[in-house]
Amino acid sequence: MKPRIAISLRSVTTEAYSEVRDAISRDWVELLSDLNVLPIFIPNGINTPAELMDATGISGVILSNGNDVGADPVRDQTERAMVEYAIKKNLPVVGICRGLQFLNVYFGGSLIKSIKAQSPDEKHTGANHLVRIVDHKASKVFKLDEFQVNSYHDQGLTEKELASELIAFAKSPEGIVEGAYHSKFPIYGVQWHPERKGPSAGQDKAMLIDWLKLGQGVLK
């Protein structure tokens, strides 16, 4: 049976419709299909995310990209319930871009609201840049000490904002935390986008395969 992975959805509003919609890019569907994973989409605002995840027999959680943390309290509440469920069941969690930022806030860290405003020379939105692996556990997964990644974030964090329970494993040359994992739980996140075509496709696949070992991988 294919692993069933719960994945959160972004909130979308448009002028054409007087409603808030949940959405996810098709890139995610394609990536998870390539990994032989069955995605279980968790709608924002559902009263009991745990019941849905129980009923569908999930074996992991993805916190997807999109929306700044705090911009949509309903999404924040849904993802909080997803993380709480995963911790209770000892299931692996991976956060992508906003997902890493959410995990950092969840565990008591904070965020830089605009990296660009703080350091205009840093290219983190719509550009590729270098990341350096700074943790020996992560080195076993990625097999490289540094590589290029895509980047689409303006919010972010450094070691100063990093939650005390999280350990940075990847950084940009300027000191932005690009990847971190939990010191106890099988939880980690990255700032770049493995679902989008980019220069780190080989490293991303290795990372996600390790994560799909359901907490038994190196980054547990």
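**A nine-stranded sheet and its surroundings**

The model contains an open sheet of nine strands, with mixed pairing and the order β4-β1-β5-β6-β11-β10-β9-β7-β8. At its edges stand β4 (38-42) and β8 (146-149), each with a single partner strand, so one side of each is left without a neighbour in the sheet. From one strand to the next, the twist averages 25°. Two strands count as a pair if DSSP finds at least two bridges between them. Helices (H or I, at least four residues) and strands (E, at least two) are DSSP runs, numbered from the N terminus.

A word on the ground rules: residues are numbered from 1 along each chain as its sequence is written, and side-chain values use heavy atoms, with hydrogens and water left out. This is a predicted model, where local features need pLDDT of at least 70 and side-chain atom pairs count only at pLDDT 80 or more, while totals for chains, interfaces and linings use all residues.

Inside the sheet, β5 (residues 60-63) and β6 run parallel and are joined by three bridges. One residue pair to look for is L63 with its bridge partner G95 in β6. Helix α7 lies across β1 (4-8), β5, β6, β8 and β11 (187-190), and runs at about 165° to β11. For such angles, axes are lines fitted to C-alpha atoms, for helices over the stretch in contact, and the values run from 0 to 180 degrees between N-to-C directions.

Just after β6 comes a loop that leads to α4 (98-106), and C97 is found there. C97 is buried, with a relative accessible area of 7% (buried means under 20%, exposed over 50%, partly exposed in between, with a 1.4 Å probe and protein chains only). Phi of C97 is near 55°, a positive value in a residue other than glycine. Most residues other than glycine have a negative phi. Helix α4 itself is mostly covered, as eight of its nine residues are buried. Among them are R98, L100, F102 and Y106. The buried residues of α4 pack against β5, α3, β6, β9 (166-171), β10 (177-182) and β11. After α4 comes G108, with a positive phi near 100°.

Helix α3 (residues 73-89) holds I87. I87 is partly exposed, with a relative accessible area of 23%. Leaving aside neighbours within four places in sequence, I87 is in contact (heavy atoms within 4.5 Å) with Y106, F107, F185 and I187. The C-alpha atoms of I87 and P186 are separated by 8.5 Å, though the two residues are 99 apart along the chain. In the loop between α3 and β6 (93-96) sits N90. N90 is partly exposed at 48% relative accessible area, and the phi of N90 is positive too, near 55°.

Finally, there is the largest pocket, with a volume of about 270 Å³. Of the 14 residues that line this pocket, the closest to its centre are L31, D34, P194, K197 and A201. Two elements, α1 (26-34) and α7 (201-211), each give two or more residues to the lining. By type, the lining divides into five nonpolar, one polar and eight charged residues. Here Ala, Val, Leu, Ile, Met, Phe, Trp, Tyr, Cys and Pro count as nonpolar, Asp, Glu, Lys and Arg as charged, and the others, Gly among them, as polar. On a 1 Å grid over the protein atoms alone, a pocket is an open set of points where a 1.4 Å probe fits, with protein on both sides within 12 Å along at least five of seven lines; lining residues have an atom within 4 Å of a point. Grid points are joined across faces, edges and corners, and the volume is the space filled by probe spheres set on the points.
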